[in-house]
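Biologist: I should like to learn how an interface between two chains is read. Please show me the model under discussion.

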Protein chains: 2
Amino acid sequence: MSITMRDVARAAGVSVATVSHVVNDKPGARIGEDARRRVLAAVAELGYRPNALAKTLSQGGSRFIGLVADAIATTPFAGQIIHGAQDEAWRHGYVLLVANTEGNAAVENDAIAMMLEHQVRGILYSTWYHREIDVPTPLQHTDTVLVNCFAADDAYPAVVPDEEQGGRTATEELIAAGHRRIAFVNTTSPSPAQTGRLAGYRSALEAAGIRYDDSLVFAADSAQEGGFAVTKAVIASGASGVFCHNDRVAMGVYDGLRERGLRIPEDMAVMGFDNQDVIAAHLRPPLSTVALPHYELGAAGVRTLLGLDPDTGTDRVLVACPSIPRASL
Amino acid sequence: MSITMRDVARAAGVSVATVSHVVNDKPGARIGEDARRRVLAAVAELGYRPNALAKTLSQGGSRFIGLVADAIATTPFAGQIIHGAQDEAWRHGYVLLVANTEGNAAVENDAIAMMLEHQVRGILYSTWYHREIDVPTPLQHTDTVLVNCFAADDAYPAVVPDEEQGGRTATEELIAAGHRRIAFVNTTSPSPAQTGRLAGYRSALEAAGIRYDDSLVFAADSAQEGGFAVTKAVIASGASGVFCHNDRVAMGVYDGLRERGLRIPEDMAVMGFDNQDVIAAHLRPPLSTVALPHYELGAAGVRTLLGLDPDTGTDRVLVACPSIPRASL
């Protein structure tokens, strides 16, 4: 059984991030002397050796980081995670081994086995949409960082988008454009995006002194068809602006508004989420939205694995979702 | 200087595909005895050794195939090529080393150098849209297959979509739906897609006994905006159906038709090209289109490198673009 940073973290009673900082010996990391001592003691007791060192000392040559991704073939999101992870890995002398699983468990196990065989420094395990996962068992055998997903009880370090901040930002943009009666078309799928974006919507309203009104929150399938179907109810609610769970829903709302001869943004302002380029930038009018930070998720995943970011003492890294203003508000 | 299959092919006066079949010793390949002899003579004279053998004999362990791709982060197309290449590589005991360049030449050179250092069996060099390229110089040092692109004079083996067949299929679908006056919105960008799809459009008309009419062929930027702008002229042409250069153009045509209160397909049938899922499947009505075969391009690239397909004596492999019927005809 391989010993990983996670085992060391458990034995020392600290986060994996803290272990990573100690074993990678980052000069800038502010780790308390006590924590450092406990980590080093656990490293010695358990016999932990980062693969990078093992590889460099015994063989020389390139060092690998593995990236297991689903849905490379069906969304550009996985590609953006790869792009960010590759840039960051190369910057630090690592080659990224990428495996695309399209959600197939057998392929996933093969991919992880292949990466372990290549003595990867660690594995980034990523999903194309933000969700809780059951971490595949073989990932216990190497240093693992979850990207765009997380394990129950934060059992593994995870880098995820800040859904609540994103929902707050989206709503704030509508408020800044002068809207007070703002509908929110949420998804019907239970997910961190569902709860986080709603929480952000509520917190932005509250900060602006606008009373939260349950009748302005709708549930729709998170696709064009869902947005189209819910448009009638959104109009009937008397809202002057609508924050859509994602850009595909916004695309359906566009269709629903147009079918009724309503103009965007004059008759209804529309805010999206995701910044899915092929949609958001090219709707008529171009869609104002909030970006999911996939590139940064991949880059931050590598930095977390290598202990390059300041230690926050937690193993859940939240990455901000920036506003992308266009012409629909 | 490394000797590659291309050098052997030149010396023996045969295609790279033929060399690949001989050196990979495929039992099913029908290679003439004379060609086989010349290939083996050139292999001996030049001292060609496939890296796979070198690696297996001297070190054991995994064998790599490299895939250099642009635009992983910005389109799902590159992801589908990766998916197909990975499946096919794994099937034959190879691990795919993927590098994303986003079109950056320095990154590209680094990626190729990294792959050569890892003694890849060969490199697939792929682009996200079909075009002629200047092949990066370092690719001379290994067996290279171009995927979704090609070199002048077919100096390297290339696997590309059959644009002409795709254009013919798209037009045939409109004819089969009863249309005789069919507009074609082509792209303004010179490309194999521009010439191939037009040739296919013309050949389908001719086969159906419909006279080609230059005034039914339009040029537009190959994006939503271009499709929207050209819609007025398409309507004025008196066409009852329109074949759009790609799905994004079709999306713009949808907007242009809707703005004028015209129904799809009753007032105008619309045919796309690409099968870009996030658009094509979710427009209202869902868009009938022709798929670019990215998965198959990746898979066929690996098979070409490894000499697994029957030898056709040519180094340009055309992959068919299948019809994807939905509801816009």
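Modeller: The following exchange treats the contact between two chains of this predicted model.

Biologist: How is the size of an interface given?

Modeller: The size is often stated as the accessible area that is lost when the parts come together. Here, about 3,300 Å² is buried between chain B and chain A, and carbon and sulfur atoms give 61% of that area. Chain B brings 40 residues to the contact, and chain A brings 40 residues.

Biologist: How many salt bridges and polar contacts are counted between the chains?

Modeller: There are two salt bridges between chain B and chain A. In one of them, B:R258 pairs with A:D255, with the closest N and O atoms 3.2 Å apart. Ten residue pairs are in polar contact, both residues having pLDDT 80 or more.

Biologist: Which element gives the most residues to the side of chain B that touches chain A?

Modeller: That element is α5(B), with seven residues. On this side of chain B, 20 residues are nonpolar, twelve are polar and eight are charged.

Biologist: How are two copies of a chain related?

Modeller: In general, the relation is a rotation about an axis together with a shift along it. In this model, a turn of 180° and a shift of 0.0 Å along the axis lay chain B on chain A with an RMSD of 0.0 Å. That is the relation of a two-fold axis. Within chain B, the residue closest to the rotation axis is B:P76, at 2.4 Å (C-alpha).

Biologist: Why can one say that the copies meet through the same surface?

Modeller: Because 100% of the interface residues of chain B are also interface residues in chain A.

Methods
Residues numbered from 1 in each chain as written. Chains lettered and ligands numbered in written order. Predicted model: local features only at pLDDT ≥ 70, side-chain atom pairs only at ≥ 80, totals over all residues. Heavy atoms only, no water. Contact = heavy atoms within 4.5 Å. Buried area = accessible area lost by both parts, 1.4 Å probe. Salt bridge = Lys/Arg side-chain N within 4 Å of Asp/Glu carboxyl O. Polar contact = N/O pair within 3.5 Å; in protein donor to acceptor, adjacent residues only side chain to side chain. Helix = DSSP H or I, 4+ residues; strand = E, 2+ residues; numbered from the N terminus. Nonpolar A, V, L, I, M, F, W, Y, C, P; charged D, E, K, R; others polar. Least-squares fit on C-alpha atoms with pLDDT ≥ 70 in both.
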